[in-house]
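Here's a structure to walk through together. Have the viewer open and follow along as we go.

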Amino acid sequence: MLAAIITLGLLAAVFGLVLGYAAIRFKVEGDPLADKINAILPQTQCGQCGYPGCRPYAEAIAKGEADINQCAPGGEAGIVKLADLLGRDPKPLSEAHGQVKPKMLAVIDEATCIGCTLCIQACPVDAILGAAKQLHTVIASECTGCELCVAPCPVDCITMEPVKKNIREWTWSFPEPPQEEPVLPKGAHG
Amino acid sequence: MVVSRTAAGRTGFAQGRTRVIRRLWKFNGGVHLPGHKDESTRLPVTRAHLPKRLILPLHQHIGEAAEAVVKVGDHVLKGQMIAHAKGFVSAPLHAPSSGTVVEIGDLPVPHPSGLNAPCIVMETDGEDRWTELRPHCDYDQLDPSHLRNIIREAGIVGLGGAGFPSFIKLNPGPGKTVDTLILNGVECEPYITCDDMLMRERGQEIICGLRIMRHALHARACVIAMEDNKPEAYAALLAATRGTDIEVIQVPTIYPAGGEKQLIKVLTGMEVPSNGLPIHIGIVCHNVGTAVAVYRAIEHGEPLISRYMTITGGNIVQPRNLEVLIGTPVKDLLDECGWHPDTLERLVMGGPMMGFSLPGDDVPVIKTTNCILAMTRDDAPAHRPVMPCIRCGACADACPVNLLPQQLYWHAHAKDLDKIQEYDLFDCIECGCCSYVCPSNIPLVHYYRYAKTEIWAAEREKQKAEQARIRHEFRLQRIDREKAERAAKHAQKKEELTSITTKNNEE
């Protein structure tokens, strides 16, 4: 009896030491789950989810504080991927966090812009170029369409325009699905 | 090793070399299609009328679009470069005739999307005056890399249909040797006969182009292949290759024997590995039209500004082949051959299997256009209702790449883009055999094209997201750094102030 208790106690102590050592030696910096979630998010940095960027939202999901259906730019495909990763059921986009929209691009009306730099400060990806009292312009290839620059503009000279389709990025449409019932000529039914 | 014109012939026979192609092989599947080739081979090929307007899309090839080097109002001469290649995989563009640049902007181009793309539009002056050309008589004295440069500057791309810049395919790369250079004159798609006519009429030029290509590649053996439904072309090339070691081979007529990988299998029995290139098994394949373009670029100094092309279909009064300037509007060609606008059902660029419908007749001919097919109701296949897949497996029997079209279909239908790649979607050559044999009329190739373009789009999105993430993180870092710097400055100033006040107090 005593021998068993001592043996188990010793084993517990040894394993405890091994595990304790491993926890220090093989410590993973950062949160790998949050990284994985962040890789799925579209990096628009728009804040529509209620967090100040994609990374904070990813961390909130990882901690279980936020739901997976709060990212409007990611759309349905993004929610499905998150659900796959986390082993949950996909659900429709929460209405409180915006709607799925086609990809947009910010355009500055150069005739109206007064060069106040407020939009430059708002842009999360530094996609607006300009300086105080100088005309501002959007670097189209870097703009994520987050709309964060629209509200701060004192002269309302920024509009969001849908991204123009070009041949290189054009995709084939999904073919019409087959009809479930074979189509018979009229009068073929006995 | 330098293979000169005479040396090539001599080595081939002095050593009594046996034939390279001793037997022919078969690829899986394929379909026998009604040829419809006789209609357009009755008349000899002539030059098409000089059009008033030439529309030249800047993107006529695989790779980066060319960049315009002319402005509106510039007068250009025939053969003058009007757009230069941008990046490595790209091709320049030359004025097909002399005239004035009248517009540079987005116009309808031949593309399945029907979208507009950047084009240079020029009005011809009718003089057709050439710019100064620089021919090279002794190609065998030129270094292969010099040859490739000339071919690149001449804007030559694969004329068989894909439009890959030819100079890249004329470079075997370091440490690779080319065993066999194949010239592809198979032309397996119904209706199209431009390569057939080219081989009948320009045999000598094809052989000269082939020799130049052989010199550039140091290829050991050369083979010209065509389907056995082109006896005139076969006879013409046999005559043109007499006394050389170039082999002319007829392969059985079955679609798609003209596919690069299918032709290599038929001729050599070897298979190009998945995701690999023919050069990986020591083979390079070029179209016969490309060989003529190479010949003209080297020996005449002419850039690629025209090509042989078929105008055919039930709607055309006089189906035929024409030598057409790149940029000629399709309507001009239809008018020249005669057509019935009221009974036109479908206007297709390319053949009935791999071609695509044109949105209108105002689009121009580009470097890769081999055929304009104007269909009436009779020769356009009736739109039959699509029915559910019955898992008969006919598509897998017909697939020349040994894929499982049915599995690909299910995954494309379920929009499962990861799974579909496990079934080697990107090995699909979109030949259309599976759709052709499908008893349920399922547009299978459409599904594969949808899946391919969606996968590419997803990849682009991913790259963009990654870029946005990096920029955002950099911005956060910068804001932190600026904050810290401001705080440090603040602290320093405070310290200075306190030291001054204490000094004052002490005094």
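What follows is a tour of a predicted model, starting with one chain, moving to the interface, and ending with a few single residues.

Let's begin with chain B. Its C-alpha atoms fill a box of roughly 115 × 60 × 55 Å along the principal axes. DSSP gives this chain 14 helices and 17 strands. Chain B has 507 residues, and 52% of them count as buried. Now look at how the chain contacts itself: if you take the contacts between residues at least 6 apart in sequence, 73% join residues at least 24 apart.

Next, turn to the place where chain A meets chain B. Chain A brings 36 residues to the contact and chain B brings 39. About 3200 Å² is buried between the two chains, with carbon and sulfur atoms giving 59% of that area. On the chain A side, the residues that lose the most area to chain B are I167(A), W172(A) and F174(A), which together make up 24% of what that side buries. Keep F174(A) in mind, as we'll come back to this residue.

The interface has its polar side too. There are 4 salt bridges between chain A and chain B. D126(A) forms a salt bridge with R475(B), where the closest N and O atoms are 3.3 Å apart. Counting residue pairs in polar contact between the two chains, with both residues at pLDDT 80 or more, gives 13. Helix α5 of chain A, residues 118–122, supplies the largest share of the side of chain A that touches chain B, with 3 residues. Sorted by type, the residues on that side come out as 18 nonpolar, 10 polar and 8 charged.

Now for the rings. Over all chains, the structure holds 8 aromatic pairs. In one of them, F174(A) meets Y450(B) edge-to-face, at 4.9 Å centre to centre and with 75° between the planes. This pair crosses between chains: F174(A) sits in the segment after β4 (158–162) of chain A, while Y450(B) belongs to helix α14 (residues 444–506) of chain B. Is each partner buried or partly exposed? F174(A) has a relative accessible area of 26%, so this residue counts as partly exposed. Y450(B) has a relative accessible area of 7%, so this one counts as buried.

A second pair lies within chain B. F88(B) and F167(B) have ring centres 5.4 Å apart and planes at 85°, so this pair is edge-to-face as well. F88(B) is in the loop between β5 (81–84) and β6 (93–94) of chain B, and F167(B) is in helix α3 (residues 166–169) of chain B, so the pair ties together parts that are 79 residues apart in sequence. F88(B) is exposed because its relative accessible area is 55%. F167(B), at 8%, is buried.

Back to F174(A): this residue also belongs to an aromatic cluster, together with Y409(B), W410(B), Y447(B) and Y450(B). One member of that cluster, Y409(B), leads us to helix α11 of chain B, residues 405–413. Y409(B) is buried there, along with P405(B), Q406(B), L408(B), H411(B) and A412(B). What covers the buried residues of this helix? The cover includes α10 (394–398), α12 (417–422), α13 (433–437) and α14 of chain B, and α14 is the helix that carries Y450(B). Just after α11(B), you'll find K415(B) with a positive phi of about 55°.

Two stops remain. In chain A, D35(A) lies in helix α2 (residues 32–40). Its relative accessible area is 39%, so D35(A) counts as partly exposed. The side chain of D35(A) makes a polar contact with the side chain of R55(A) at 2.5 Å. For a sense of distance, the C-alpha atoms of D35(A) and A66(A) are separated by 15 Å, with their positions 31 residues apart along the chain.

Finally, go to H136(B), in the loop between β8 (116–124) and α2 (144–153) of chain B. Why does this residue count as buried? The cut-off is under 20% relative accessible area, and H136(B) has 18%. Leaving aside residues up to four places away in sequence, H136(B) touches L142(B), I150(B), I298(B) and E299(B).

Methods:
Residues are numbered from 1 along each chain as its sequence is written. Chains are lettered from A and ligands numbered from 1 in the order in which they are written. This is a predicted model: local features need pLDDT of at least 70, side-chain atom pairs count only at pLDDT 80 or more; totals for chains, interfaces and linings use all residues. Side-chain values use heavy atoms; hydrogens and water are left out. Contact means heavy atoms within 4.5 Å. Buried area is the accessible area (1.4 Å probe) that two parts lose on being put together, summed over both. A salt bridge is a side-chain nitrogen of Lys or Arg within 4 Å of a carboxyl oxygen of Asp or Glu. A polar contact is a pair of N or O atoms within 3.5 Å; within protein, one must be able to donate a hydrogen and the other to accept it, and residues adjacent in sequence count only if both atoms are side-chain atoms. Helices (H or I, at least four residues) and strands (E, at least two) are DSSP runs, numbered from the N terminus. Ala, Val, Leu, Ile, Met, Phe, Trp, Tyr, Cys and Pro count as nonpolar, Asp, Glu, Lys and Arg as charged, and the others, Gly among them, as polar. Rings of Phe, Tyr and Trp (its six-membered ring) pair if their centres lie within 6.5 Å; planes under 30 degrees apart count as stacked, over 60 as edge-to-face and the rest as tilted. Buried means under 20% relative accessible area, exposed over 50%, partly exposed in between (1.4 Å probe, protein chains only).
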